[in-house]
Amino acid sequence: MSSPKPKRTTFSFRTPAALLQWIDSDYTPDGPEKMRDEPDRVDWIRCLPFLILHLGCLAAFWVGVSPVAVWTAVALYFVRMFAVTGIYHRYFSHKTYSTSRVGQFLLALWGGTTVQRGALWWAYHHRHHHQHSDEPEDAHSPHVHGFWWSHIGWITSRRNFPTDYSTIKDLAKFPELVWLNRFDTVVPVVFAFAVFGFGALLEAHAPGLGTNGWQMLVWGFFISTTFLFHGTACINSMAHLMGRRRFDTGDDSRNSFILALICLGEGWHNNHHRYQSATRNGFYWWEIDLTYYGLKALSWTRLIWGLKPVPKSIMEEAARADHLASIAAAQHAALAHGEYSSLKKVVPAAAAIAVATAAASQMLIPKKAEGPAMHKDLSAQTEHGSKAKPNPPTRIF
Ligand SMILES: [Zn+2]
Ligand SMILES: [Zn+2]
């Protein structure tokens, strides 16, 4: 006669499992499906390295500071933000350009230095986000789960740790990518040692710079990586709260110049939600998109090629955009969910910007006869968009 498993046994079994998952991300004793079906709950043991990353910043009080350490931290922030946006997002998640198999592996290594887990885990979650944006299934919607959960909480939840390889078969067919995804601490650890070594090298050969291995590790790895995480996380949280809406995308994605600067072009998030297959997120010259410029430059080296443009039909749709209708549609969707947290409850500044956006749009943009239908996979709808009723010419800003 079988008896139900005592809770204590389950708990004591989970701790070593969480420890093993630090090394082998695919280690799931009960199977990844069961883990994904669990309710949201923080796995403190599993995310201990993430906490250590933040606490490591405090070591700056012991190791001190030097200009070279700070500038290295800043440089590594932008070099690796480019890896998050240009590689993990615009290549692995959306395949907005092409590369060779070797090129793809090199890009995955570069992406690994961001300490944002493997490219496949990242792409799986991001594609899922686009399929279910601001719906209850969306793991990091600020409207459904609240600001802090969308910003940082969701990655500490056990159910979000495993990668669902069945949904990213185009990537999972490459064993070298699966290996990097499974052992996703390897690249960050090697990178941390390299940063330490760089500091030690400077101490030995350029003592006048006033740095050393430990100081460089704290600034170049711990502080830079922590800022990098929060900069990236702003897209999950703030980019669905703060800024203007050009397209009625059926979610609450927004375009924000500030976020575009912090995240090298990812702030044009409403554009991106409307058309995900374009290499550029900034659709106009004034929508600064440093990731796109970087990818364009990279294409001259022939490491990558085939950058995908924004289709003419999408640009025509942008020219007819009605910001006010788009914001109203997002608010309507918010009410439909019932669980949405209001902007002013979460980020008062975001509410002020949204109101200002609505007011500015009302002044500048004439109303459109009818908005595009709401749908999730909007990239495939360009033809539909091009057949929409023509409207009088309008100013975008
Ligand atoms: Zn989004
Ligand atoms: Zn995306």
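User: Let's start with Arg 245. In which loop is Arg 245 found?
Analyst: Happy to start there, and keep in mind that this is a predicted model. The chain passes through numbered helices, and Arg 245 sits outside them, in a loop. That loop is the one between H13 and H14.

User: Is Arg 245 buried or exposed?
Analyst: Here we count C-beta neighbours, and a residue is buried if 20 or more other C-beta atoms lie within 10 Å of its own. Arg 245 has 30 C-beta neighbours inside 10 Å, so Arg 245 counts as buried.

User: Which residues is Arg 245 in contact with, leaving aside its neighbours within four places in sequence?
Analyst: One of them is Ala 330, which is 85 residues away in sequence but 9.1 Å away in space, C-alpha to C-alpha. With neighbours within four places set aside, the full list is Arg 254, Asn 270, His 323, Ser 326, Ile 327 and Ala 330.

User: Let's zoom out. What share of the contacts with a separation of 6 or more comes from residues 24 or more positions apart?
Analyst: For background, the protein has 21 helices and two strands, and buried residues make up 43% of its 397 residues. Among contacts with a separation of 6 or more, the share from residues 24 or more positions apart is 72%.

User: Which element gives the most residues to the largest nonpolar core?
Analyst: That core has 33 residues, and Tyr 88, Phe 92 and Ala 119 are among those with the most contacts inside it. The elements giving two or more residues to this core are H5, H6, H7, H11, H13 and H14. With eight residues, the element that gives the most is H5.

User: How many residues are in the second, separate core?
Analyst: This core stands apart from the one we just discussed. Val 68, Ala 69, Met 216 and Ile 223 are included in it. Its residue count is 14.

User: How do H5 and H16 pack, and which word describes H5 relative to H16?
Analyst: The axes of H5 (residues 67-93) and H16 (residues 290-300) are 9 Å apart, and the helices pack at an angle of about 75°. Angles of 65 to 115 degrees count as roughly perpendicular. That angle therefore makes H5, relative to H16, roughly perpendicular.

User: Which residues make this contact between H5 and H16?
Analyst: By type, they divide into two nonpolar, four polar and one charged. H5 brings Phe 82, Thr 85, Gly 86 and Arg 90. From H16 come Thr 291, Gly 294 and Leu 295.

User: Why do the buried residues of H16 lie on the same side of the helix?
Analyst: The buried residues in H16 are Thr 291, Tyr 292, Leu 295 and Leu 298. They are on the same side of H16 because they cover an arc around the axis of only 120°.

User: What do the buried residues of H16 pack against, and which residues are exposed on the other side?
Analyst: The buried residues pack against H5 and strand S2 (304-305). Turn to the other side of H16, and the exposed residues there are Ala 297 and Trp 300.

User: Now for H7 and H11. How many nonpolar residues are in the contact of H7 with H11?
Analyst: The two axes come within 7 Å and cross at roughly 90°, which means that H7 is roughly perpendicular to H11. H7 supplies Ala 119, Leu 120 and Trp 121, while H11 supplies Leu 177, Val 178, Leu 180 and Asn 181. One of these residues is polar and none is charged, while the number of nonpolar residues is six.

User: Is Leu 264 buried or exposed?
Analyst: Leu 264 is in the loop between H14 and H15. Its phi is positive, near 55°, in a residue other than glycine. Since 23 other C-beta atoms lie within 10 Å, Leu 264 is buried.

User: And Lys 95: how does Lys 95 count by its C-beta neighbours?
Analyst: Lys 95 also has a positive phi, about 50°, although it is not a glycine. Lys 95 is found in the loop between H5 and strand S1. With 16 C-beta neighbours inside 10 Å, Lys 95 counts as partly exposed.

Definitions and conventions:
Residues are numbered from 1 along each chain as its sequence is written. Chains are lettered from A and ligands numbered from 1 in the order in which they are written. This is a predicted model: local features need pLDDT of at least 70, side-chain atom pairs count only at pLDDT 80 or more; totals for chains, interfaces and linings use all residues. Axes are lines fitted to C-alpha atoms, for helices over the stretch in contact, and angles run from 0 to 180 degrees between N-to-C directions. Helices (H or I, at least four residues) and strands (E, at least two) are DSSP runs, numbered from the N terminus. Angles under 35 degrees count as roughly parallel, over 145 as roughly antiparallel, 65 to 115 as roughly perpendicular and the rest as oblique. Two residues are in contact if their C-beta atoms, placed from the backbone, lie within 7 Å. Ala, Val, Leu, Ile, Met, Phe, Trp, Tyr, Cys and Pro count as nonpolar, Asp, Glu, Lys and Arg as charged, and the others, Gly among them, as polar. A residue is buried if 20 or more other C-beta atoms lie within 10 Å of its own, exposed if 12 or fewer, and partly exposed in between; C-beta atoms are placed from the backbone. The arc is that of the directions from the helix axis to the C-beta atoms. A nonpolar core is a set of buried Ala, Val, Leu, Ile, Met, Phe, Trp, Tyr and Cys residues joined through C-beta atoms within 7 Å.
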